[in-house]
Amino acid sequence: MTVAERHEIILKELKDNGKVNVQHLSNDLEVSEVTIRKDLRVLEEKGLLFRTHGGATQTNPYTSDRPVSEKAKIRAGEKNAIAKEAVQLIGDYDSIILASGTTILAVARHIKSDHRLNVITSALNVSLELSHHENVEILQLGGQLRPSSTSVVGPYAEQFLSGITCGILFLGVDGIDLDHGLTTSNLMEASLNQKFIEVAQYAVVVADHTKFGKRGFSRICGLDKIQHIITDDGISSDTIIKLEEMGIQVTTASQ
């Protein structure tokens, strides 16, 4: 089989399935995985696909910094289901951190009005959502406002966190890569999220299944820094197995 014929087969499978896997292609085409990876690199250089961990995809795996109003419309049902699971972890008199993002806002919307909580957040929309709860003490971080996410970042927010400890962190991310870890699209937000993880006793990532296999511009941390991921039932069973082998609890939410 010629190189051109291999490329044609790879692109056809990519068109049919939306993604390809290096190991599967190696077995099907009876060539080494090294050869397949070279093929994928050549095809990526031609702009015909995007390489990912263990394969390639038709869609760009790198995330962009889109406005929160636009993000809120994406996977709204999945985010709502994830939020319902997330609030089950919250107990009375807990001190929690709600970071920023549309999935985090969904979590805030599902917090019960009779919950007695201390909530630390960088997100203005989260604070506004919880402001009518009489039993919720809100600590709104200050700093530089990011209009795209209606949240704050910067040294003032990070300095405040240096004097506290917290029970549970709920963290939204733009990308989850099994090798690269957690990422977001903004460098300053990544830095604040790192600080959140430092001061929290238990870190929970809330993210729909489309975030897996993607990378944002800024790395937050490796997966060894988190304890729990709550996602929707679109996540693959292989990914769940790999995460659990890393010692991460995985909860899947159904709509």
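A salt bridge is a side-chain nitrogen of Lys or Arg within 4 Å of a carboxyl oxygen of Asp or Glu. Arg109 and Glu129 meet this condition, as their closest N and O atoms are 3.6 Å apart. The structure examined here is a predicted model. By the rule just stated, the count of salt bridges comes to nine, while a search of the whole structure finds zero disulfides. The points below treat the sheets, one buried threonine, the cysteines and three of the salt bridges.

**The antiparallel sheet and its helices**

- Strands of a sheet pair through backbone hydrogen bonds, either parallel or antiparallel.
- One open sheet consists of three strands in the order S1-S3-S2, with antiparallel pairing.
- Strand S1 (19-21) and strand S2 (50-52) are the edge strands, each of which pairs on one side only.
- On average, neighbouring strands of this sheet are turned by 25° against each other, direction ignored.
- Three bridges connect S1 with strand S3 (residues 55-57) in the antiparallel sense.
- Within S3, Thr57 is the residue that stands opposite Lys19.
- Helix H1 (residues 3-17) packs on the sheet and touches S1 and S3. The direction of H1 makes about 125° with that of S1.
- Helix H2 (residues 22-29) also lies across S1 and S3, and runs at about 70° to S1.

**Parallel pairing around strand S9**

- Strand S9 (residues 166-171) is mostly covered, since five of its six residues are buried.
- Strand S4 (residues 94-98) runs parallel to S9 and is joined to S9 by three bridges.
- Ile96 has Ile168 as its bridge partner in S9.
- S9 is also joined to strand S12 (residues 200-206), again in parallel, by five bridges.
- Opposite Leu169 stands Ala203 of S12.

**A β-α-β unit**

- Strand S5 (residues 117-121) pairs with strand S6 (residues 136-140) in the parallel sense over five bridges.
- In this pairing, Leu117 stands opposite Val136 in S6.
- Together with helix H7 (residues 124-130), S5 and S6 make a β-α-β unit that is right-handed.

**Thr103**

- Thr103 is located in helix H6 (residues 102-110).
- Is Thr103 buried or exposed? Its relative accessible area is 4%, so Thr103 counts as buried, the cut-off for buried being under 20%.
- Apart from neighbours within four places in sequence, Thr103 is in contact with Lys79, Ile82 and Val206.

**Cysteines**

- A disulfide is a covalent bond between the sulfur atoms of two cysteines.
- Why does Cys166 form no bond with Cys221? The sulfur of Cys221 is the closest cysteine sulfur to that of Cys166, yet it is 16 Å away, which is too far for a bond. For a disulfide, the two sulfur atoms must lie within 2.5 Å.
- Cys221 is likewise in no disulfide, the nearest cysteine sulfur being that of Cys166.
- Cys166 is buried, with a relative accessible area of 2%.
- Cys221 is buried as well, with a relative accessible area of 8%.

**Three salt bridges**

- Asp16 and Lys12 form a salt bridge through their side chains, with an N to O distance of 2.9 Å. Both residues lie in helix H1, four residues apart, which is about one turn of the helix.
- Lys12 is exposed, with a relative accessible area of 53%.
- What does the salt bridge between Arg109 and Glu129 tie together? Arg109 lies in helix H6 and Glu129 in helix H7, so the pair ties together parts that are 20 residues apart in sequence.
- Arg109 is exposed, at a relative accessible area of 54%, whereas Glu129 counts as partly exposed at 23%.
- Glu189 and Arg146 form another salt bridge, with an N to O distance of 2.7 Å between their side chains. This pair links distant parts of the chain, as Glu189 belongs to helix H9 (residues 187-199) and Arg146 to strand S7 (residues 144-146), 43 residues apart.
- Both partners of this bridge, Glu189 and Arg146, are buried.

How values were computed:
Residues are numbered from 1 along each chain as its sequence is written. This is a predicted model: local features need pLDDT of at least 70, side-chain atom pairs count only at pLDDT 80 or more; totals for chains, interfaces and linings use all residues. Side-chain values use heavy atoms; hydrogens and water are left out. Two strands pair if DSSP finds at least two bridges between them. Helices (H or I, at least four residues) and strands (E, at least two) are DSSP runs, numbered from the N terminus. Axes are lines fitted to C-alpha atoms, for helices over the stretch in contact, and angles run from 0 to 180 degrees between N-to-C directions. Contact means heavy atoms within 4.5 Å. Buried means under 20% relative accessible area, exposed over 50%, partly exposed in between (1.4 Å probe, protein chains only). A crossover is right-handed if, with the strands pointing away from the viewer, the path from the first strand over the helix to the second runs clockwise.
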